[in-house]
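Here is a short tour of one structure, meant to be read with the model open beside you. Please load the chain and follow along.

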Amino acid sequence: MLRYWHALLDLVYPDPCRACGTALLGNESIVCTRCRVNLPRTDSHLVAIDSLRLKFAGKVPVQNVYAFLKFERAGKVQRLLHQLKYNNQPEVGLMLGRMYGHELRQAGVGTGLDLIVPVPLHPRKLAQRGYNQSDSLAEGLSEGLGVAWSNEVLVRQKFTETQTGKSRFERSENVAGIFEVIKPARVENQHIVVVDDVMTTGATLESAIEALLQNKAASVTVVALAAAV
Ligand SMILES: [Zn+2]
C-alpha cells in the first residue's frame with residue numbers, strides 16, 4: 001500500500017533534478033538525463049590538467065590528479081554540491097561517484113588501483129551533517145570502478161584546543177599532521193585513491209597524502225568531484 005502511495009505522490013509531486021530543478025521522469029532518478037549528459041566534465045583522465053597537478057608539485061608525489069566536474073559558481077555543479085553537503089542528500093554523492101567511476105573505468109583507469117579512501121570530515125562537521133559526503137562519493141566510485149573502499153583506514157585527529165582559537169586562514173594553513181592512518185597494513189605497498197568533494201588549494205589533500213605515504217603507500221592518486229579548472 002505504501003508503495004502505491006509513493007507512486008501516487010511521485011505523480012503529483014515529481015522529484016526535481018538536483019542539478020537543474022526540472023521534474024524527473026519516471027525512469028530518471030536524482031539527476032535528469034539531459035544533465036547527466038551535459039554536466040561540465042574536466043576530462044582530466046583523458047588529458048592531464050596542469051593546474052590540478054601543480055597543486056601538489058614540489059609538495060607530495062602523486063600518480064594522477066582527476067576531477068570529475070568543472071566547478072562554476074551558481075552553476076549546476078555548485079547546486080549538486082550544495083545538495084550533497086548542506087541538504088542531507090548523500091545519495092547525490094553516491095550517484096555522481098558511480099557515474100564517474102564508470103567513466104574512468106571505460107577509459108581504462110582503475111587497473112592497478114587498490115583502495116579508495118575518502119578524506120575524513122572534521123568531527124564537528126560530521127556531527128552536524130550526519131554523514132561524510134566524501135564517503136558517499138568513495139562508495140559510488142568503488143561500485144563504478146570495481147575497487148574496494150574504506151573509511152576506516154584514514155582518520156582525522158581530534159581538533160586541538162590551540163587550533164580552535166585560530167582564524168580560518170591560520171587553520172587552513174595548519175593542516176599538516178591532522179590525519180592518521182590507523183590501519184597501516186591496508187596501505188602498505190598499495191596504490192591508494194584519495195577522494196574529496198571539491199579541490200581548492202589542495203592543502204587538506206596534501207596532508208592526507210603525506211599520512212598515506214608515511215605509512216608506505218606505494219602511490220597515491222587524487223580524485224575530486226569538482227575543481228575550478
Ligand atoms: Zn537536470
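## A strand pair and its surroundings

Strands β1 (65-70) and β7 (219-227) run parallel and are joined by 5 bridges; strands count as paired if DSSP finds at least two bridges between them. Within this pair, valine 65 has valine 222 of β7 as its bridge partner. Of the 6 residues of β1, 5 are buried, so the rest of the structure largely encloses this strand. Buried here means under 20% relative accessible area, exposed means over 50%, and partly exposed lies in between (1.4 Å probe, protein chains only). Helices (H or I, at least four residues) and strands (E, at least two) are DSSP runs, numbered from the N terminus.

A word on the background: this is a predicted model, in which local features need pLDDT of at least 70 and side-chain atom pairs count only at pLDDT 80 or more, while totals for chains, interfaces and linings use all residues. Residues are numbered from 1 along each chain as its sequence is written, and side-chain values use heavy atoms, with hydrogens and water left out.

## Two helices

The table sets helix lengths beside their spans; the expected span is 1.5 Å times one less than the number of residues.

| Helix | Residues | Expected span | End C-alpha distance |
|---|---|---|---|
| α5 (90-106) | 17 residues | 24 Å | 25 Å |
| α7 | 13 residues | 18 Å | 18 Å |

In both cases the expected span and the end-to-end distance agree.

The buried residues of α5 include Val92, Leu96, Met99, Tyr100 and Leu104. Its buried residues pack against α2, β1, α4 (76-86), β2 (109-112), α7 (133-145) and β7. After α5 comes glycine 108, with a positive phi near 90°.

Helix α7 has 11 of its 13 residues buried, so the rest of the structure largely encloses it. At its start, a side-chain oxygen of asparagine 132 reaches to within 2.9 Å of the backbone nitrogen of serine 134. Such a polar contact is a pair of N or O atoms within 3.5 Å; within protein, one must be able to donate a hydrogen and the other to accept it, and residues adjacent in sequence count only if both atoms are side-chain atoms. Just after α7, glycine 146 has a positive phi of about 75°.

Serine 136 sits in α7 and is buried, with a relative accessible area of 8%. Its side chain reaches the backbone oxygen of glutamine 133 at 2.8 Å. Leaving aside neighbours within four places in sequence, serine 136 is in contact (heavy atoms within 4.5 Å) with Leu84, Pro90, Gly93 and Leu94.

## The zinc site

Which residues coordinate the zinc ion? Cys17, Cys20, Cys32 and Cys35 do, each through SG, at 2.3 Å. Donors are N, O and S atoms within 2.8 Å of the metal (3.2 Å for Na, K and Ca); water is not among the atoms, so sites may look incomplete. Along the chain, the donors follow the spacing C-x2-C-x11-C-x2-C. Cysteine 20 and cysteine 32 both lie in the loop between α1 (2-12) and α2 (33-38), so the pair ties together parts that are 12 residues apart in sequence. Cysteine 20 is partly exposed at 25% relative accessible area, whereas cysteine 32 is buried at 6%.
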